Amino acid sequence: MSLIRPAVLPDELAAGYEGRILRFNGLSSRAEALPLLLQQFFPVGTRVCDVPFVELLAHVAGMQTARFVQAHTILPLKRAFTKLHPGTEHGSPSHPKLLELVAMRALRPGAYLCRRCVDEDLGFHGIAYWRRDHQRPGVFTCSKHGLVLNHTKDSDAFLNSPAAYTGDEFTIDPDWASRVIDSDIVRRFHAICAECMVRTQSIDEVYAARAIRDRAKALDLHPGRGLRTKQLLSSFVRDQLDEAWIGSTLPELSMQPADTPWAPIDAAVLGKRCGITSVVYALILASLFESCDEAINTVLAKPSTLRRSYAPSTQPMVPEAKLRESYSDERGRHASVARALGRPYHEVRDRLLAIGLPDLSRVRPNELVQLVSAMTSAHGVDERMEVFARADRASLNVLQRALAPLMQTLKKVDRSARGRRRGPRTKPSSPPLPVSEDSPSVA
Ligand SMILES: [Zn+2]
């Protein structure tokens, strides 16, 4: 069967494009379409689990997967701020699992459309389609026509034409919609989300977190830990928003009692990478900064207070012998070694730890000598236990870090030895391949 390949339309949502492909080809479900799509674009034997579905859609559209993901999915917003492969191009085929799990997933339930857009698309393209821009969190009016959107809870809506949902029964209350969009913070939130949607790469979450921490500090908000005498960031955000808008966009926040900490926002003040969603980051930035440009520029500025591990050095590596020599000269203090060698602290720390040389700045070297002596000398077991029982926690932690590289190596050795002991597998790990009837039989 030859596949009909409709052209993907401007800002068309990938899930809606899937619906059009199915309808054009008389297919009832994705399960029915998958073998056909694989057969059309991939070599025989390619399995469904080998190819992210969004990649199949990109093939139908005749586009590179990354370009298709950036122009037709919500993924650029979902992954706008992330600690998982930051800096990777959105839709990169180097992370197929990520594409499979994230690219086609919606950011809010149901489906949204503008009736005027539907009319215009029918007139211009001869067909109506689901626009990606209307599916963003917090969007309740069309940015082009200013009209309130229609909304349906039908979970299969994207498989149908939006023209099926243009009746009055699907219309959002226009008074409510005009009220909730009429605030500066919501406008900034939409501008930040729109900026994220056109970016081709995600931003390291650590930059957003640090920008938020510094700004919250400048605004004299609660620092995230300790006795609470100042306003919480979550309260600061909430005070600027309409409760109905919060309820529709961040329902978990609206269910939270007023003036109580809400971790997804208040944890951001600590300047840590906390796995906060990109939508929450966008909202926090919208509340703290005067404009979208100021917020994005601050996040991208990579302030000097950031850990420099995120800006790799271009200088040649210090030889290991030199590193060990400096470690001895500086009495095991990582920061001093970094200063003496003129290298970034994080780089020196990571390399010293990798060769079993922990930071000794908070322990007494003589106590460590006693501990190591107890392990290596001919003392009896009781004497050794006594030395360890007397040791303080800091010294034991340092010893643990020093032994970490050895432990990693021992685990590998152990795994390798167990593999050899087990011998060759007697059972195949996967079902035997079918044998052609023409193949000679084995006696
Ligand atoms: Zn419209």
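What follows is a walk through a predicted model, from the whole chain down to single residues.

Start with the overall make-up. The chain has 22 helices and four strands. Of its 443 residues, 34% are buried. Take the contacts between residues at least 6 apart in sequence: 69% of them join residues at least 24 apart.

Next comes the nonpolar interior. In soluble globular proteins, nonpolar side chains tend to be buried together. Here the largest nonpolar core has 89 residues. Ile192, Leu233, Ala282 and Ile284 have the most contacts inside this core. Helix 15 is the element that gives the most to the core, with nine residues. A second core is separate and has five residues, among them Tyr327, Val337, Val348 and Leu357.

Isoleucine 192 deserves a look. Sequence neighbours within four places are set aside here. Isoleucine 192 then has contacts with Ala282, Leu285, Ala286, Cys292, Ala295 and Ile296. One of these, Ala282, is also among the residues with the most contacts in the largest core.

Leucine 283 sits in helix 15, which spans residues 278–288. Is leucine 283 buried or exposed? It counts as buried, because 29 C-beta neighbours lie inside 10 Å and the cut-off for burial is 20 or more. Beyond its neighbours within four places in sequence, leucine 283 is in contact with Phe189 and Val237. Its C-alpha lies 8.9 Å from that of histidine 190, although the two residues are 93 apart in sequence.

Now move to the N-terminal part of the chain. Helix 1 covers residues 14–24 and helix 3 covers residues 53–61. The two pack at an angle of about 65 degrees, and their axes are 11 Å apart. The crossing of helix 1 past helix 3 is left-handed. Helix 1 contributes Ala14, Tyr17, Glu18 and Ile21 to the contact, while helix 3 contributes Val54, Leu57 and Val60. By type, the residues of this contact are six nonpolar, no polar and one charged.

Tyrosine 17, in helix 1, shows how this region is joined up. Tyrosine 17 is buried, because 26 other C-beta atoms lie within 10 Å. With neighbours within four places left out, its contacts are Val8, Glu12, Leu57 and His72. Of these, Leu57 belongs to the helix 3 side of the packing just described. His72 is one of the buried residues of helix 4. Tyrosine 17 also comes within 9.8 Å of arginine 131, C-alpha to C-alpha, across a sequence separation of 114 residues.

That leads to helix 4, residues 65–72. How many of its eight residues are buried? Six are, so the rest of the structure largely encloses this helix. They are Thr65, Phe68, Val69, Gln70, Ala71 and His72. The cover over them includes helix 1, helix 3 and helix 5 (75–78).

Helix 7, residues 115–124, has buried residues Arg115, Cys117, Val118 and Asp121. Viewed down the helix axis, these buried residues fall within an arc of 160 degrees, so they line one face of helix 7. Strand 2 (111–113) and strand 3 (150–152) are included in what covers them. The face turned away from the buried side carries Gly123 and Phe124, both exposed. After helix 7 comes glycine 126, with a positive phi near 80 degrees.

Backbone angles bring us to two further residues. Most residues other than glycine have a negative phi, and most peptide bonds are trans. Histidine 85 has a positive phi, near 55 degrees. Its place is the loop between strand 1 (81–82) and helix 6 (96–102). Histidine 85 counts as partly exposed, because it has 15 C-beta neighbours inside 10 Å.

Aspartate 259 has a positive phi too, near 60 degrees. This residue lies in the loop between helix 13 (251–254) and helix 14 (263–266). Why does aspartate 259 count as exposed? It has 12 C-beta neighbours inside 10 Å, and a residue with 12 or fewer is exposed.

Definitions and conventions. Residues numbered from 1 in each chain as written. Predicted model: local features only at pLDDT ≥ 70, side-chain atom pairs only at ≥ 80, totals over all residues. Axes fitted to C-alpha atoms, helices over the stretch in contact; angles between N-to-C directions. Left-handed = near helix turned anticlockwise from the far one by under 90°. Contact = placed C-beta atoms within 7 Å. Nonpolar A, V, L, I, M, F, W, Y, C, P; charged D, E, K, R; others polar. Arc of directions from axis to C-beta. Core = buried A, V, L, I, M, F, W, Y, C linked by C-beta atoms within 7 Å.
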